[in-house]
Structures are given as structure tokens and as C-alpha cells.
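The following exercises are each paired with a worked solution. Please look at the sequence and the structure before beginning.

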Amino acid sequence: ICMTVAAAATNFEKLQDSGKFDLVVFEEAGQISLAYSLMLMALGKTRLFAGDPKQLPPIIDDNCSELVFNWLGRSIFEYLGKTSAVCMLEEQTRMAPSICELVSNIFYDGKLKFDQSYLTTRERITQYYIPFGEIRENIQLKIENIFTHDLNSQNNPALPRKESADALIRILESKVSERESTNNIFVISPFNAQIDYLRKRLNERGFFDIQFLTVHSSQGGEADVVFFDAGNGVSQFLQ
């Protein structure tokens, strides 16, 4: 039986009346609230939680009480160290080696590695070494520092950051000058206001085939080139 968490909770009594399931699998368990997980665990003899404790947690209102946060804002992964068996993905080929190294060192104590044995053909190698306008093919990870005269002192994410949009336009236009496609590109930001502003500015410049996504909506997606615009980087929401 496959269903969403909400459907399982709604039909809990029917599922319970059918007898214990041999196995209950929680997919994307990092985004399932602790209250739901504890409730639905009772349906199975064995439970498997699949997901990433370093990805986004369950989404709740910022102004909720501590009680609400404890039950709805946390996942079962809060108790990861107390479980009887944990299996971690330690090798990957989804992202370029230098991106993998950064992610691994920040979030996974250096345990996540790029499987170098995958790089056996030129076709595979060129998946990760992609020239993009002014960004040369040997650069897989580029950080551009953006200076802002007055960065939204109120930490209001509803106000877009224009300077980072200007930088993105510059990089994209250097790509277009080569008459190459801008397909399969993600532009991601934590803030809806920044995404709306980026979409408006870039559409005005003729970039209609780029996908504009928030961090939440981009999860599970994949593109050749990803631009991440932090927007208001000092916002408490982002911190």
C-alpha cells in the first residue's frame, strides 16, 4: 500500500483494523513530523525510515509554541543515534566532485565521497566539467561575493536583493553571447520575493527556459547548472 502521510493518518483506524503490516517504510522521513511518525509506527512490525536528516525539516509556522515545534517541527531523525540500525549513503555520482566535497565536509563529517571509478569515459567526465560563459569548465563550484550598500536592515525577506540579480544576469548573458542554450538551469533562493524578482528581471532579458524555484520546491530536482541566490543572507529565516 502506498499513500501520503496525511492519507495514512486519516485512514489510521482502517489500516489498524487490517492487522499489523510486516514493514512500514517512511520515505522522505526528514520532512515527516515526529507526531505523525510515532503514530504511524504502530501499524508495522518493522519500520524503515529513508531520508536525509540534513535536508529540510518539517515546515511549520515560525511563531508556533515550543510544544507545537517539539511535535510538529522535528522529525524522527532527532533520535537517529538511538536507533538499532543506521545505513548511510557514502558514495555518490550525482554532483560534481568539488560540490560533493563541500557538502560532505559541512554536513556529513567528510564521510560522503564521490565515486571516482565512475569517471571511466569522456561522456561521464564532461557531465561535471561544464563551461558556462565566464565560468570555465574546470570550475565546478563558484562563489560570487555580492556587495550591497544597504542590505535590508530589518531582515525582511519580502524585499528582494537587486545586486545579486544583476550578477546573475551578467553571468547568464556571458553564456548567451556564446549562443548556447540556457536549458536545464535552476535558479534557487530561500525567499519567494527574491525568486519573483529574479524571474521578472530575467524574463525581461529573454530567459524564459530557466526554472525558478524556492529551496523547498527544488528538493529532489536536478539540473546541469544550479544558481543559488541567498538573497538577504543575514535574515534569521535563512540562518
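**Exercise 1: Two loop residues**

E28 counts as partly exposed because its relative accessibility is 38%, where buried means under 20% relative accessible area, exposed over 50% and partly exposed in between (1.4 Å probe, protein chains only). The model is predicted, so that local features need pLDDT of at least 70 and side-chain atom pairs count only at pLDDT 80 or more, while totals for chains, interfaces and linings use all residues. Residues are numbered from 1 along each chain as its sequence is written, and side-chain values use heavy atoms, with hydrogens and water left out.

*Task.* State where E28 and D109 are placed, and give the phi of each.

*Solution.*
- Step 1. E28 belongs to the loop between strand 1 (21–27) and helix 3; helices (H or I, at least four residues) and strands (E, at least two) are DSSP runs, numbered from the N terminus.
- Step 2. The phi of E28 is near 50 degrees, a positive value in a residue other than glycine.
- Step 3. D109 lies in the loop between helix 5 (97–107) and strand 4 (113–114), and its phi, also positive in a residue other than glycine, is near 55 degrees.
- Step 4. D109 counts as exposed, because its relative accessibility is 67%.
- Step 5. For background, most residues other than glycine have a negative phi.

**Exercise 2: The surroundings of strand 5**

*Task.* Determine how many residues of strand 5 are buried, and which strands are joined to strand 5.

*Solution.*
- Step 1. Strand 5 covers residues 185–189, and five of its five residues are buried.
- Step 2. I185, V187 and S189 point one way, F186 and I188 point the other way, and all are buried.
- Step 3. As a general rule, side chains in a regular strand alternate between the two faces of the sheet.
- Step 4. Strand 7 (residues 225–228) runs parallel to strand 5 and is joined to it by four bridges; two strands pair if DSSP finds at least two bridges between them. Here V187 stands opposite F227.
- Step 5. Strand 6 (residues 211–214) is likewise parallel to strand 5, with four bridges between them. F186 has Q211 of strand 6 as its bridge partner.
- Step 6. Strand 5, helix 8 (residues 192–204) and strand 6 form a right-handed β-α-β unit; right-handed means that, with the strands pointing away from the viewer, the path from the first strand over the helix to the second runs clockwise.

**Exercise 3: The two sides of helix 5**

*Task.* Which residues of helix 5 are buried, and which are exposed on the other side?

*Solution.*
- Step 1. The buried residues of helix 5 are P97, C100 and S104.
- Step 2. These residues lie on the same side of helix 5, because they cover an arc of only 55 degrees around the axis, the arc being that of the directions from the helix axis to the C-beta atoms.
- Step 3. N105 and I106 are exposed on the other side of helix 5.

**Exercise 4: Salt bridges**

*Task.* Trace the salt bridges of R170, and then examine the pair in helix 8.

*Solution.*
- Step 1. A salt bridge is a side-chain nitrogen of Lys or Arg within 4 Å of a carboxyl oxygen of Asp or Glu. By this rule the protein has 10 salt bridges.
- Step 2. R170 and E134 meet in one of them, at 2.8 Å from N to O. The pair links distant parts of the chain, 36 residues apart: R170 is in helix 7 (residues 162–176), and E134 is in the loop between helix 6 (122–125) and helix 7.
- Step 3. R170 also meets E144 in a salt bridge of 2.8 Å, N to O. E144 is in the loop between helix 6 and helix 7, 26 residues apart from R170.
- Step 4. R170 is partly exposed, with a relative accessible area of 37%, and E144 is partly exposed at 29% relative accessibility.
- Step 5. E134, K142, E144 and R170 are linked in a network of salt bridges.
- Step 6. The side chains of E204 and K200 form a salt bridge of 3.0 Å, N to O. The two residues are four residues apart in helix 8 and therefore separated by about one helical turn.
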